[in-house]
Amino acid sequence: KAKELADEHGWFLPQQFENEANAHIHRTTTGPEILSAFEPDGPNGEAEGPLDYFFCAYGTGGTLKGVASHLKEHSPNTKVFVPEPDNAPLLYSGIKTEYGDESA
């Protein structure tokens, strides 16, 4: 429906689920910002130590994908966790979400 309305009215449709810019901005800004807090010259002025765990909720997946890819490259020992509510196990269920043409 959103695409239909955007097409009809000439509105901008960010398509944040499909747009790689979503993850890219978190890979280039949020990920480095998080790691900088754990460096000796971080914002606190002293070393916080290594980043052992990173917990991230998901929505469109952009923050998770972007930050996790930055951590994988620059802090490979950091474990990434994605918590989700018991009554909405989108990841844990293993059931792939199917999208019809209307979401394109």
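# Exercises on a predicted model

Helix 3, residues 62–74, has 13 residues and spans 18 Å from its first C-alpha to its last, close to the 18 Å expected at 1.5 Å a residue. The model is predicted. The exercises start from this helix and then turn to the rest of the chain.

## Exercise 1. The elements of the chain

Task: state how many helices and strands the chain has, and give their order from the N terminus.

Solution.
1. The chain contains three helices and two strands.
2. Read from the N terminus, the order of the elements is α-α-β-α-β.
3. In that order, helix 3 is preceded by strand 1 and followed by strand 2.

## Exercise 2. The buried side of helix 3

Task: list which residues of helix 3 are buried, and name elements that cover them.

Solution.
1. The cut-off for buried is a relative accessible area under 20%.
2. In helix 3 the buried residues are G62, L64, G66, V67, H70 and L71.
3. The cover over these residues includes helix 2 (20–36), strand 1 (53–55) and strand 2 (79–81).
4. For the chain as a whole, 17% of the 104 residues count as buried.

## Exercise 3. Helix 2 against helix 3

Task: classify how helix 2 and helix 3 are oriented to each other, and describe the residues of their contact.

Solution.
1. The two axes come within 7 Å and cross at roughly 50°.
2. Angles under 35 degrees count as roughly parallel, and 65 to 115 as roughly perpendicular.
3. The crossing angle of roughly 50° belongs to neither class, so helix 2 and helix 3 are oblique to each other.
4. The crossing of helix 2 and helix 3 is right-handed.
5. On the side of helix 2, the contact is made by E20, N22, A23, H26, R27, T30, G31, P32, I34 and L35. On the side of helix 3, G62, T63, K65, G66, V67, S69, H70, L71 and H74 take part.
6. Sorted by class, this contact of helix 2 with helix 3 has six nonpolar, ten polar and three charged residues.

## Exercise 4. Two buried residues

Task: decide whether H70 and A6 are buried or exposed, and find what each touches beyond four places in sequence.

Solution.
1. H70 lies in helix 3.
2. The relative accessibility of H70 is 10%, so H70 counts as buried.
3. Beyond four places in sequence, H70 touches R27, G31, P32, L35 and S75. Among them, R27, G31, P32 and L35 also appear in the list of helix 2 residues that meet helix 3.
4. A6 belongs to helix 1, residues 2–9.
5. With 6% relative accessibility, A6 is buried as well.
6. Outside its neighbours within four places, A6 is in contact with W11 and L13.

## Exercise 5. Two loop residues

Task: place Q15 and A37 in the chain, and state how accessible each one is.

Solution.
1. Q15 sits in the loop between helix 1 and helix 2.
2. Its relative accessibility is 33%, so Q15 counts as partly exposed.
3. Q15 and A2 are 13 residues apart along the chain, and their C-alpha atoms are separated by 9.5 Å.
4. A37 is in the loop between helix 2 and strand 1.
5. A relative accessible area of 23% makes A37 partly exposed.
6. From A37 to L51, 14 residues apart along the chain, the C-alpha separation is 9.1 Å.

## Exercise 6. Contacts along the sequence

Task: find what share of the contacts between residues at least 6 apart in sequence join residues at least 24 apart.

Solution.
1. Contacts between residues at least 6 apart in sequence form the reference set.
2. Within this set, 60% join residues at least 24 apart.

Key:
Residues numbered from 1 in each chain as written. Predicted model: local features only at pLDDT ≥ 70, side-chain atom pairs only at ≥ 80, totals over all residues. Heavy atoms only, no water. Helix = DSSP H or I, 4+ residues; strand = E, 2+ residues; numbered from the N terminus. Expected span 1.5 Å × (residues − 1). Buried < 20%, exposed > 50% of the residue type's maximum accessible area, 1.4 Å probe, protein only. Contact = heavy atoms within 4.5 Å. Axes fitted to C-alpha atoms, helices over the stretch in contact; angles between N-to-C directions. Parallel < 35°, antiparallel > 145°, perpendicular 65-115°, else oblique. Left-handed = near helix turned anticlockwise from the far one by under 90°. Nonpolar A, V, L, I, M, F, W, Y, C, P; charged D, E, K, R; others polar.
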